[in-house]
Amino acid sequence: MNNQTVLVTEPIDSSALKRLTDRYNVISSVNESNIKEINAVLTRKMAVNRDFISKAVNLKVIANHGSGADQIDLQAAKEYGVKVLSAPGLNALSVAELVLGFFINLSFKIKYSDEGLRIGQFTSFGIPELQGNEISGKNLGLIGSGNIARHLAKLMSSFNMNIYCWNPHKSAQELSELGFKKVDSIKELLNKCDFVSIHIPLNSETKNLINGESFSNANPNLILVNTSRGGIVNETDLYAALVNKKIKGAACDVFTKEPPSKDLPLLHLANFLATPHIGGSTKEALERVGNKTVDNIISVLE
């Protein structure tokens with residue numbers, strides 16, 4: 001066994017954890033007495049801030065369990081010579097499948113139908129308010145064109161959809177090569193499409209990107225899904241859009257505060273679906289991401 005110490009802040013796949021424990025001293029918590037011993041951090045959601053990095057004087061690598069690294073102080077890591085590595089794209093298929101599930105559920109009003117049956121709300125067949133919509137032949141909008149967006153487009157290909165994309169960093173030609181038609185604004189995308197899925201990082205440019213103005217001329221049949229990061233969609237404005245029937249439905253796997261409070265108004269709408277950041281939490285994805293993250297740690301420590 002190597003005598004280096006790895007801090008694992010949250011549960012990871014058992015096969016990945018075994019690889020770590022076979023090689024290193026693995027700890028699950030940090031305090032003033034052991035922080036100087038830590039050579040690597042494997043984090044899923046724990047904030048690795050400047051204070052931690054400055055005190056962990058033997059820290060060599062922060063390995064993020066996933067693609068995003070917004071919980072890590074990248075500037076501090078750079079200043080202290082600590083490498084930050086991630087495992088992008090390995091949970092993309094799982095997240096894309098969740099988006100498809102949201103689309104189907106909201107299109108066919110599955111949540112509303114299920115809850116109504118449980119309380120005896122529906123007493124006959126063919127109730128008009130339970131009428132849904134087919135997905136086939138409709139317009140799909142992608143916000144971003146990365147791994148998850150591309151997996152989703154592939155999954156949706158059997159539905160014979162027109163696929164539009166907003167990505168200001170890609171040309172029309174580049175998006176065309178992916179099979180996407182470029183649109184120049186979020187407002188245009190929400191107007192043109194029946195289904196829109198968000199696949200961009202949260203930063204100063206994308207915070208509150210989807211807001212009241214975005215919904216002002218939206219397709220009333222629009223179903224909006226966010227599995228990217230909370231904060232990209234203004235939750236107050238989304239609530240208003242759903243209540244005022246500016247759009248048909250929405251689903252979020254991510255929220256500004258995670259998990260969201262049970263008092264969040266969105267959670268009490270029949271045309272809104274919520275999950276607690278489960279998009280990448282399939283057995284298969286966790287195994288892939290966990291082992292790639294361990295590979296990243298080994299690549300630095302050895």
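**Close-up 1. Asparagine 160, an exposed loop residue in a predicted model**. Asparagine 160 has a relative accessible area of 63%. That value is over 50%, so asparagine 160 counts as exposed. Its place is the loop that runs between helix H6 (147–156) and strand S7 (162–166). Phi of asparagine 160 is near 55 degrees. This is a positive value, and the residue is not glycine.

**Close-up 2. Asparagine 208, a partly exposed loop residue**. The relative accessibility of asparagine 208 is 31%. A figure between 20% and 50% makes a residue partly exposed, so asparagine 208 falls in that class. The loop that holds asparagine 208 lies between strand S9 (195–198) and helix H9 (212–215). Here, too, the backbone is of interest. Asparagine 208 has a positive phi, near 55 degrees, in a residue other than glycine.

**Close-up 3. The cis peptide bond at proline 259**. Glutamate 258 and proline 259 are joined by a cis peptide bond. Omega is about -10 degrees. Proline 259 belongs to the loop between strand S11 (249–252) and strand S12 (272–274).

**Close-up 4. Aspartate 13, buried and without a salt bridge**. Aspartate 13 sits in the loop between strand S1 (5–8) and helix H1 (14–23). The nearest side chain of opposite charge is that of lysine 283, 5.4 Å away. A salt bridge needs a distance within 4 Å, so aspartate 13 and lysine 283 do not form one. Beyond its neighbours within four places in sequence, aspartate 13 is in contact with Leu286, Glu287 and Asn291.

**Close-up 5. Cysteine 193 and cysteine 252, buried and in no disulfide.** The disulfide count for the model is 0. For cysteine 193, the nearest cysteine sulfur is that of cysteine 165, 9.8 Å away. A disulfide requires sulfur atoms within 2.5 Å, so cysteine 193 is in none. The relative accessible area of cysteine 193 is 0%, which means that this residue is buried. For cysteine 252, the nearest cysteine sulfur belongs to cysteine 193, 17 Å away. Cysteine 252 is likewise in no disulfide. Its relative accessibility is 5%, so cysteine 252 counts as buried.

How values were computed
Residues numbered from 1 in each chain as written. Predicted model: local features only at pLDDT ≥ 70, side-chain atom pairs only at ≥ 80, totals over all residues. Heavy atoms only, no water. Helix = DSSP H or I, 4+ residues; strand = E, 2+ residues; numbered from the N terminus. Buried < 20%, exposed > 50% of the residue type's maximum accessible area, 1.4 Å probe, protein only. Lys, Arg positive; Asp, Glu negative; His and termini not counted. Contact = heavy atoms within 4.5 Å.
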